[in-house]
Amino acid sequence: MNDIEAIRSRHSVRNYKPDRIEPDKAALINEKIDELNKAGNLHLQFMEDAGNTYNRLLNKAMGLGSAPSVIACVGKEGEDLEERIGYYGEQLVLFIQKLGLNTCWAGTFNKKNIGADLYDGEKLVISIAVGYGKDHGVPHKSKTIEQVTEGKSDMPDWFTNGVKMALLAPTAINQQKFAIRLNDDDSVEFINKGGPYAKVDIGIVKYHFEVGRAQ
Ligand SMILES: Cc1cc2nc3c(=O)[nH]c(=O)nc-3n(C[C@H](O)[C@H](O)[C@H](O)COP(=O)(O)O)c2cc1C
């Protein structure tokens, strides 16, 4: 499975089978995390046993009440931390999708129970639930290309291919509050239109765009 196929088949999954992740797959996830932590200067951590990470009342209300495993998304506090978490975390999400597992980015979780290690100056930004889903989720309702693009109206294929993949990106509460601007010199800008976790969203959207553009 390549990144495009992983993007097309990925949907948020909130109901998981109790099955644990096999040791060989857990090892692959940890290897990938090492690679991404180096590339993104992050401290992503795979907690094989998610324990009571999703025991908050709001979790039940949102439908994600438990998961077998979880990724704690941690990094040194700084201006672009959230965006880097989105950009590199989504690469991990797509890698995990290719292993036949499911995921759900989750901003609502119990920060104490996740059991992440935080060094001086680090921040726990968000979690990603991981496990074998009882289902594979469903495609989200999406904005159109016209609704999320700005700038030059004569859009080349590489640009629309990027935008199509960006529209398949997970965003907090499916807000899709971003715009992708094509400038006259063909440079591309990503515009954050606000909302909860919008900076994480932009990082995720950027990675999806790059995958589509390189197609
Ligand atoms: C930054 C971020 C935070 C999210 N937080 C939660 C959450 O707390 N609880 C939850 O059930 N889903 C959460 N989601 C999942 C979104 O609701 C989901 O990605 C969106 O509805 C689009 O659906 P899809 O992922 O199936 O494409 C979050 C997604 C992102 C990107």
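Let's start with one residue: L42 counts as buried, because its relative accessibility is 9% and the cut-off for buried is under 20%. Keep in mind that you are looking at a predicted model. From L42 we can move on to the nonpolar cores, then to the strands, and finally to the largest pocket.

**Around L42**

- You will find L42 in the loop that runs between α2 (23-40) and β1 (45-47).
- Leaving out residues up to four places away in sequence, L42 touches N37, V74, G75, L81, R84, I85 and Y88.
- S9 makes a useful landmark: L42 and S9 are 33 residues apart in sequence, and their C-alpha atoms are 27 Å apart in space.

**The nonpolar cores**

- In soluble globular proteins, nonpolar side chains tend to be buried together.
- Here, the largest nonpolar core has 47 residues, and the members that touch the most others are I29, L44, I71, I85 and W105.
- Helix α4 (residues 81-98) gives this core its largest share, which is eight residues.
- Apart from this core lies another one of 16 residues, including Y16, L64, A106 and F109.
- What does I85 touch, not counting residues up to four places away in sequence? The list is L42, L44, C73, V74, E90, W105, V125 and I126.

**Strand β4 and its partners**

- Strand β4 (residues 122-131) is largely enclosed by the rest of the structure, because nine of its 10 residues are buried.
- Strand β2 (residues 69-76) runs antiparallel to β4, and eight bridges join the two.
- To see this pairing in the model, look for K76, which stands opposite E122 in β4.
- β3 also pairs with β4 in the antiparallel sense, over five bridges.
- For this second pairing, look for N102, which stands opposite G131 in β4.

**The largest pocket**

- Rolling a probe the size of a water molecule over the atoms shows where empty space is left.
- The largest pocket holds about 700 Å³ of space.
- Its lining is made of 30 residues, and those nearest the centre are S12, R14, W105, T171 and I173.
- W105 is a residue to remember, since you have now met it in the largest nonpolar core and in the lining of the largest pocket.
- Which kinds of residue make up the lining of the largest pocket? There are 16 nonpolar, 10 polar and four charged residues.
- Among the contributors, α3 (57-62), β3 (102-106) and α7 (198-213) each supply at least two residues of this lining.

Conventions
Residues are numbered from 1 along each chain as its sequence is written. This is a predicted model: local features need pLDDT of at least 70, side-chain atom pairs count only at pLDDT 80 or more; totals for chains, interfaces and linings use all residues. Side-chain values use heavy atoms; hydrogens and water are left out. On a 1 Å grid over the protein atoms alone, a cavity is a set of points where a 1.4 Å probe fits but cannot get out, and a pocket is an open set with protein on both sides within 12 Å along at least five of seven lines; lining residues have an atom within 4 Å of a point. Grid points are joined across faces, edges and corners, and a volume is the space filled by probe spheres set on the points. Helices (H or I, at least four residues) and strands (E, at least two) are DSSP runs, numbered from the N terminus. Ala, Val, Leu, Ile, Met, Phe, Trp, Tyr, Cys and Pro count as nonpolar, Asp, Glu, Lys and Arg as charged, and the others, Gly among them, as polar. A nonpolar core is a set of buried Ala, Val, Leu, Ile, Met, Phe, Trp, Tyr and Cys residues joined through side-chain atoms within 4.5 Å. Buried means under 20% relative accessible area, exposed over 50%, partly exposed in between (1.4 Å probe, protein chains only). Contact means heavy atoms within 4.5 Å. Two strands pair if DSSP finds at least two bridges between them.
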